[in-house]
Amino acid sequence: MIRVVLLGAGNVAFHLAKAFTKSNDIDFIQRYGRNNKNDHLFDKTIPKTDSLNTLAKADIYIIAINDDSISTFSKQLNIDNGLVVHTSGSVPMESINCKANKGVFYPLQTFSIVQKIDYKQIPICLETEIKSDMEKLKHLAKSISNNVYEINSLQREKLHIAAVFANNFSNFMFTISKDICDDNDFSFDILKPLIEETSQKIKEINPKEAQTGPAKRNDKKIIEKHLSQLEGYQKEIYNLMSKSIIKTYNK
Ligand SMILES: NC(=O)c1ccc[n+]([C@@H]2O[C@H](COP(=O)([O-])OP(=O)(O)OC[C@H]3O[C@@H](n4cnc5c(N)ncnc54)[C@H](OP(=O)(O)O)[C@@H]3O)[C@@H](O)[C@H]2O)c1
């Protein structure tokens, strides 16, 4: 069994802890959190420490903390043996700053503590500094997910940009849609079937083929009418998106 220590107590750590607890292939021996803020959310049977001096001996240590802190945090780790990985989409593997072997264990999904997820479906992107560590890391990833990929740092960086467009930006579009609904006294629920269909459709056809709307049709009258009713960043985004769509479809 692979002995795992999980460092961090936020969104990613919470869901990883749940998946590790369920797996029969993993000996989830300890978790670390710098305070007790989220302790009530984690399984009480997993030993917890708030001191980096009392970390257990493990095969794999997973750092699931904020991107900006990974480098300085890992410098404080007194680990010579085993493999230390982080879970970030954009931080280079080399940012891990300790004597142990390095790697990346990036789960490509959006995680919030409050939202249930099925880990088996989540793509996990792996990278290791030393080839022989890859098998170990794959074993760990495959024990919680059916979607495991070997991806280098450059590919992961690009993948993260693609993920920002696919999830973070589209989610912000939903926020704008909801604001418009709220400002005009109708429920955002009315748009949910459309949102559902938008993501269903691209499972069957290329997103480029699935595009519809005034900008795709280059319908300038409607675009101008919409722009005249918008202001601030909503107007800027509408304008930029429309221009980009027109440019893409009217070459
Ligand atoms: N959320 C996602 O959708 C997602 C998806 C894929 C990958 N990731 C990656 O996974 C990592 C964690 O993301 P997250 O969403 O779980 O973040 P999060 O919910 O903000 O949690 C971050 C955790 O790190 C702890 N922490 C931050 N700085 C620390 C330090 N210097 N020393 C010790 N602990 C520290 C925080 O403790 P406090 O609560 O005390 O601040 C918290 O427990 C990031 O690298 C992120 O890029 C996130």
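This passage walks through the sheet, the helices lying on it, a helix pair and the ligand shell of a predicted model.

The sheet makes a handy starting point. Eight strands form an open sheet with mixed pairing, and reading across gives the order β3-β2-β1-β4-β5-β6-β7-β8. The edges are taken by β3 (48-49) and β8 (147-150); each has a single partner strand, so one side of each is left without a neighbour in the sheet. At the β8 end, strand β7 (residues 123-128) runs parallel to β8, and four bridges join the two. Within this part of the sheet, Leu126 sits opposite Glu150 in β8.

Two helices can be placed against these strands. Helix α3 (residues 131-142) lies across a long list of them: β1 (2-7), β2 (26-32), β4 (60-63), β5 (83-86), β6 (101-107), β7 and β8. Its direction makes an angle of about 160 degrees with β7. Helix α4 (residues 153-183) lies across β6 and β7, and runs at about 150 degrees to β7.

Further along the chain comes a helix pair. The axes of helix α7 (residues 220-228) and helix α8 (residues 232-249) come within 9 Å of each other and cross at roughly 165 degrees. With an angle over 145 degrees, α7 and α8 are therefore roughly antiparallel. Their crossing is left-handed. On the α7 side the contact involves Ile223, His226 and Leu227, which meet Lys235, Tyr238, Asn239 and Ser242 of α8. Sorted by class, the residues of this contact come out as three nonpolar, three polar and one charged.

That leaves the ligand. It is surrounded by 22 residues, and Gly10, Val12, Ile65, Ser69 and Ser88 are the closest. Helix α1 (residues 11-22) gives the most to this shell, supplying three residues. As for chemistry, the shell around the ligand holds 11 polar residues, alongside eight nonpolar and three charged ones.

Definitions and conventions:
Residues are numbered from 1 along each chain as its sequence is written. This is a predicted model: local features need pLDDT of at least 70, side-chain atom pairs count only at pLDDT 80 or more; totals for chains, interfaces and linings use all residues. A residue is near a molecule or strand if its C-beta atom, placed from the backbone, lies within 6 Å of it. Ala, Val, Leu, Ile, Met, Phe, Trp, Tyr, Cys and Pro count as nonpolar, Asp, Glu, Lys and Arg as charged, and the others, Gly among them, as polar. Axes are lines fitted to C-alpha atoms, for helices over the stretch in contact, and angles run from 0 to 180 degrees between N-to-C directions. Angles under 35 degrees count as roughly parallel, over 145 as roughly antiparallel, 65 to 115 as roughly perpendicular and the rest as oblique. A crossing is left-handed if the near helix is turned anticlockwise from the far one by less than a right angle, and right-handed if clockwise. Two residues are in contact if their C-beta atoms, placed from the backbone, lie within 7 Å. Two strands pair if DSSP finds at least two bridges between them.
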